[in-house]
Each structure stands twice: as structure tokens, then as C-alpha cells.
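Q: Please take a close look at one part of this model, the empty space enclosed inside it. Then set out the sheet and the helices that lie across it.

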Amino acid sequence: MKTTRRDFVASTVAMAVTARSLHAGNDAQTGPGQSSLPVVVSTWPFGKPANERAFALLLAGGRPLEAVEQGIRVTEASANPSVGLGGIPNAAGVVQLDACIMDGVGHRAGSVAGVEGVRHPISVARRVMEKTPHVLLVGDGARQFAVAEGLEVVESDAHERHAAWWKQRAAERAAPDTPGSPRGNHDTIALLAIGLDGTLAGGCSTSGLGGKLPGRVGDSPIIGSGLYVDNEVGAAGATGIGENVMRYCGSFLVVELMRQGLHPNDACMEALRRISRQDPKGTALGVSFIALDKHGRYGSATAGQEFQYVATDRGGSELISSPGLGPLVRVPEGGNRR
Ligand code: SD4
């Protein structure tokens, strides 16, 4: 049985409640070796188990890169209805997954996009980063790479389903879909981590927008859009309508605003403000950012959708409601639906 957002919210009610939960984000100035590290933040209430796995590894002295991969694997292996193989199908009824990982150490990155039948896209992304000279592998090539690397794949009839859908579509002479049209819902895990030594890493994993055109790739596997990490500054990640992030290099923008000295909360809000000034959708972007800086401070902002994220540190895990820009649309109970 799929776990719904209601279940996740119910489980997160039991989270440790601290004074921090009275406001979004945190203000503590910390640094490498100081006791407020490590810190993990991730999108949506369902990020809690992923955060806690990542945090345990960091507390034991693990590298942020490893913590990010292992944390996101928890979500990919869970019954989450929008991440991993149980994710939301595209218009042809096929689940196509996007993921990326970025290591602040060495400024390295790896991604996969539109990949089918892979159990852990985040792990494939890490192998792309570590075992190839490339950053992004897509579609069947990404799947074949996963097979060659001995990573878990499942059999699928995706090719037949795609072919049948395109044939039917041609016959109907259907009009093109509007990218981002909410045929189904969508959610992504973007997870950011800072380790005991003050180094950073981040990752994203998603099935993307429900009902997307086959082959459509969102922001999540695009470095600088769905995720960006710079050890000198901090890290940022996005969730929401990818098209409204990709045209603005959203996560890169958030990191650059932190570089100018903004608190993560303010950097996320300012990025959304800038995007909404240019975008025809204005503040109805359906986009949320999270950010974590090199001091261990974190924050978020959202435009057009209600959004919560989870922060985990030595004080426990906390569900935080994001400050919003403009009127917010309530994300329905149950979260993602087919
Ligand atoms: C995408 N940004 O594919 C992803 C979906 C998402 O919350 O994050 N949904 O556009």
C-alpha cells in the first residue's frame, strides 16, 4: 500500500519539537568542528527518514556525499508515490526517473534523466559522477550504464507502452501538452547535508510531473536548476514545477545570493522574487527552494504552493513550514495521486 502525505504528516507530528519550530529556518552561526554540525535538510515531510539515515552517517564521521546517497535511497526504496519505481507515470503510463548528486568536495556532479526501471537512480547518478568523465546520462543509455555497473534494474514493458501511446496520440492528433499541466501531482526529494568537517553535498530524486510527455526532463537532474552545491558558500535544492526553475537556474541563483551574504531563508525568497518578476506566472510559480549554508544555517521559501521541509540536527528532526511569496495553493491531503 502506498504511503500518503497524510501518513507522513502523521508520523512527523511525533518529531522532536524545539524552540526552532516556532520560526522557519535557523540562525545559529556555526562552523566546521562546532557542535551544531552536522545538519541535513530535505523537501517535504517524507524526507524525515532520509534525513535521519543521512544524519546518523554524518554523526559517525561519514562523508556528506555518502550520507546524501544513502538518505535518498531510503526514500527511493520506500512506498513514496513520487520518488523511485513507485513514482508517478508519464502520459504513456511509464515511470521515468530523474536524479542527480553533487559533491562540494572537488565540485563534482552526476545525473540521470528519463531513466526507466532503475531501483536507485541516485546511485546511478553517483556512479556517473565517479566512474565516467560525464555529468548526465539519459534514457536507455543511463539504464544500460546501471546494468553495466551491477546496479539493480527491473524488467519493464516501457518500450511497448511508449510506442502504443505515441501511435494512439498520432491517431487522435492530440494537441501538445502544456509542460507542467497538473495531470497528476508531483513531489521530489532534494536533500542537502553538511558534515562534521563543514563540507557539503546534495542530491535530488523524482519521477517528475505526473502525466509529463514521454522524454520530458525536469529541473531535478539539471545541475544549477534542481540542485547546486558550492563548498565555499552552501547548497540549494528545488521542488515544484521544474520548467519554472530550469529557465532561471534556480538553485544556482539561491547559492549565489547566499554568496552575497544572504541568510538561506532570504536567499530562497529573493530568488523566488526575482523569478516571479520575470515569469508570466508571477508568484503562482509552484516552486519551492531549500538552502543550507556552510555555517549550518538553513532555510526555505515557496511561491504558489504550500510547502514544508524537514531539518535534522543534534536537536532532532523538525518539520518546518516554509515562508511564502504571494498567495499559496494548498497541497491536497494525500499528496501525490495517480
Ligand atoms: C519536476 N521538479 O520534474 C520536479 C517535480 C517536483 O514537486 O519537484 N515536484 O519538475
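A: Start with the residues around the largest cavity. Its lining counts 13 residues, and those nearest the centre are Thr-188, Gly-208, Leu-209, Asp-219 and Gly-240. This is a predicted model. By class, nine of the lining residues are polar, three are charged and one is nonpolar. The cavity holds about 80 Å³ of space. The search covered the whole structure and returned three cavities of 30 Å³ or more. Such space shows up when a probe the size of a water molecule is rolled over the atoms.

Now the sheet. Strand E8 covers residues 234-240, and Gly-240 is among the lining residues nearest the cavity centre. E8 belongs to an open sheet of five strands, ordered E7-E8-E9-E10-E13, with mixed pairing. Strand E7 (227-230) and strand E13 (324-329) are the edges, each pairing on one side only. On average, neighbouring strands are turned by 20 degrees against each other, direction ignored.

Look at the E13 edge. Strand E10 (residues 298-305) pairs with E13 in the parallel sense, over three bridges. There, Gln-305 stands opposite Val-329 of E13.

Two helices lie across strands of the sheet. Helix H8 (residues 250-259) lies across E7, E8 and strand E9 (287-293). H8 runs at about 145 degrees to E8. Helix H9 (residues 264-278) lies across E9, E10 and E13. H9 runs at about 30 degrees to E10. Strand E9 is thus listed under H8 and also under H9.

Notes:
Residues numbered from 1 in each chain as written. Predicted model: local features only at pLDDT ≥ 70, side-chain atom pairs only at ≥ 80, totals over all residues. Heavy atoms only, no water. 1 Å grid on protein atoms, 1.4 Å probe; cavity = no way out; pocket = protein on both sides within 12 Å on 5 of 7 lines; lining within 4 Å. Points joined across faces, edges and corners; volume = space filled by probe spheres on them. Nonpolar A, V, L, I, M, F, W, Y, C, P; charged D, E, K, R; others polar. Pairing = 2+ DSSP bridges. Helix = DSSP H or I, 4+ residues; strand = E, 2+ residues; numbered from the N terminus. Axes fitted to C-alpha atoms, helices over the stretch in contact; angles between N-to-C directions. Contact = heavy atoms within 4.5 Å.
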